[in-house]
Amino acid sequence: MQAFSVIKPYSYAKDHPDRPVVLYIVLSVSLLLLTLEISGVYISWLTLFAAITGALSFCFSAVHLLGWPQLFFHGNLRQPILEEEIRLASCLNEVLRGAGCRKKFRLRIIEVEAYDVVACNTDIIAISRSLLDRLTDEELKGVLAHELGHLLSRDTTVCRAFATASLIPELIRVHNKWKIRLMRSFGLLSIVIALLLWTFRPMWLLSLLAAVFSLLIFYVMHRLFRWLMLLVSRLTEYRQDAFAHQLGHGAGLMKALKKMADYGRERVNIYFILKKGMKPVIYNRIRKLETLEGMRD
């Protein structure tokens, strides 16, 4: 390997985890403009191109624009004290040398009781104090290599882009019983408004129907893409585990995952994982690493 040639977590020519997000943004903007077009507002091809380009640019730059405010208001991170910093920096520097990466990263401590380690924004790796105290240096290098893979692969950028693009539908999500009441009220109100418009201003009826139809399509589309992004998120965990193995830290990561599994409360129900899980079953990740490490066929 040539000096400082970065080892990629996976071949970007074969895997494009940002494609679903790009498609979601393009379809959302196009659906909105199509509704306006049906309602009588003239939308040129230049307007369509500018709107899609602007939405893509904003969503994929949200990790820079919204990342720090999000951590400031809702994050539970702190800078490590000297003892923690020396240990973390030493382990991370060894991982970076193995990856041939010269980029600087920030190390943070998560003040939670759970065993957790995450990649944030484009340059932050954060680990909970409880997990840091339990891991050996070998295991710590494994989890740091995994999170480094997320940052080098721009996984955090893609996740933030989707979260930004789906901000409005996520804000209006309500409890199931209230959702049913809201849908009934919305349906009844739509019928009343449609009758009034048909009676007094028939030309407005098409605009109303277009808006209602667009909302229904957008709701179904959002649910579909949300499930698809959960699938992408789970597959990404396996990719970054393989990246840690590629750097020579697969065994350490496997031992760390076993300790994290010992913490308990792991969901293993397949239906729950398929429907809501952002991460695969941790024991399946361990099995994959056992295969990569040559421990099983």
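1. A residue counts as partly exposed when its relative accessible area lies between the buried limit of under 20% and the exposed limit of over 50%. Arginine 106, with a relative accessible area of 40%, is therefore partly exposed. The model under discussion is a predicted one, and the points below concern its salt bridges, its aromatic contacts, one helix and one surface patch.

2. Arginine 106 forms a salt bridge with aspartate 123, and the closest N and O atoms of this pair are 3.2 Å apart. Because arginine 106 belongs to strand S2 (residues 106-110) and aspartate 123 to the loop between strand S3 (117-120) and strand S4 (124-128), the contact ties together parts that are 17 residues apart in sequence. The acidic partner, aspartate 123, has a relative accessible area of 16% and is thus buried.

3. Side chains of opposite charge can pair when their charged atoms come close. In this structure the search finds 11 salt bridges. One of them joins lysine 141 to glutamate 94, with the closest N and O atoms 2.7 Å apart. This pair links distant parts of the chain, since lysine 141 lies in helix H7 and glutamate 94 in helix H5 (residues 82-99), 47 residues apart. Lysine 141 has a relative accessible area of 16% and is buried, whereas glutamate 94, with a relative accessible area of 32%, is partly exposed.

4. A further salt bridge connects aspartate 241 and arginine 285, whose closest N and O atoms are 2.8 Å apart. It also links distant parts of the chain: aspartate 241 is in helix H11 and arginine 285 in helix H14 (residues 282-292), with their positions 44 residues apart in the numbering. Both partners are under the 20% limit for burial: aspartate 241 is buried at 3% relative accessibility, and arginine 285 is buried with a relative accessible area of 7%. Elsewhere, Arg78, Glu84, Glu111 and Arg129 are linked in a network of salt bridges.

5. Helix H7 (residues 137-152), which carries lysine 141, merits a check of its geometry. At 1.5 Å a residue, its 16 residues should span 22 Å, and its end C-alpha atoms are 22 Å apart, which agrees. Of the 16 residues of H7, 13 are buried, so the helix is largely enclosed by the rest of the structure. H7 is followed by arginine 154, which has a positive phi near 65°.

6. A pair of aromatic rings is described by the distance of the centres and the angle of the planes. The count comes to four aromatic pairs. In the pair of tyrosine 24 and phenylalanine 225, the ring centres are 5.4 Å apart and the planes stand at 55°, so the pair is tilted. The two residues come from distant parts of the chain, tyrosine 24 from helix H1 (residues 19-38) and phenylalanine 225 from helix H11, 201 residues apart. Tyrosine 24 counts as buried at 0% relative accessibility, and phenylalanine 225 is buried with a relative accessible area of 7%.

7. The rings of phenylalanine 72 and phenylalanine 73 have centres 5.0 Å apart and planes at 90°, so this pair is edge-to-face. Here the partners are exposed: phenylalanine 72 has a relative accessible area of 67%, and phenylalanine 73 has one of 63%. As for tyrosine 24 and phenylalanine 225, they belong with Phe162 and Phe218 to one aromatic cluster.

8. Two contacts place a charge over a ring. The charged end of arginine 267 sits over the ring of phenylalanine 272, at 3.8 Å from its centre. The charged end of lysine 288 sits over the ring of tyrosine 238, at 5.7 Å from its centre.

9. Which residues make the nonpolar surface patch of about 430 Å²? Leu224, Trp227, Ile270 and Leu274 do so. Helix H11 (203-246) and helix H13 (270-276) each supply at least two residues of this patch. Leucine 274, a residue of helix H13, counts as partly exposed because its relative accessibility is 44%.

Conventions. Residues numbered from 1 in each chain as written. Predicted model: local features only at pLDDT ≥ 70, side-chain atom pairs only at ≥ 80, totals over all residues. Heavy atoms only, no water. Helix = DSSP H or I, 4+ residues; strand = E, 2+ residues; numbered from the N terminus. Expected span 1.5 Å × (residues − 1). Buried < 20%, exposed > 50% of the residue type's maximum accessible area, 1.4 Å probe, protein only. Patch = residues over 30% accessible without salt bridge, like charges linked within 9 Å, V, L, I, M, F, W, Y side chains within 5 Å. Areas by Shrake-Rupley, 256 points an atom, 1.4 Å probe, with all protein chains shown as cover. Salt bridge = Lys/Arg side-chain N within 4 Å of Asp/Glu carboxyl O. Phe/Tyr/Trp six-rings, centres within 6.5 Å; stacked < 30°, edge-to-face > 60°. Lys NZ or Arg CZ within 6 Å of the ring centre and 35° of its normal.
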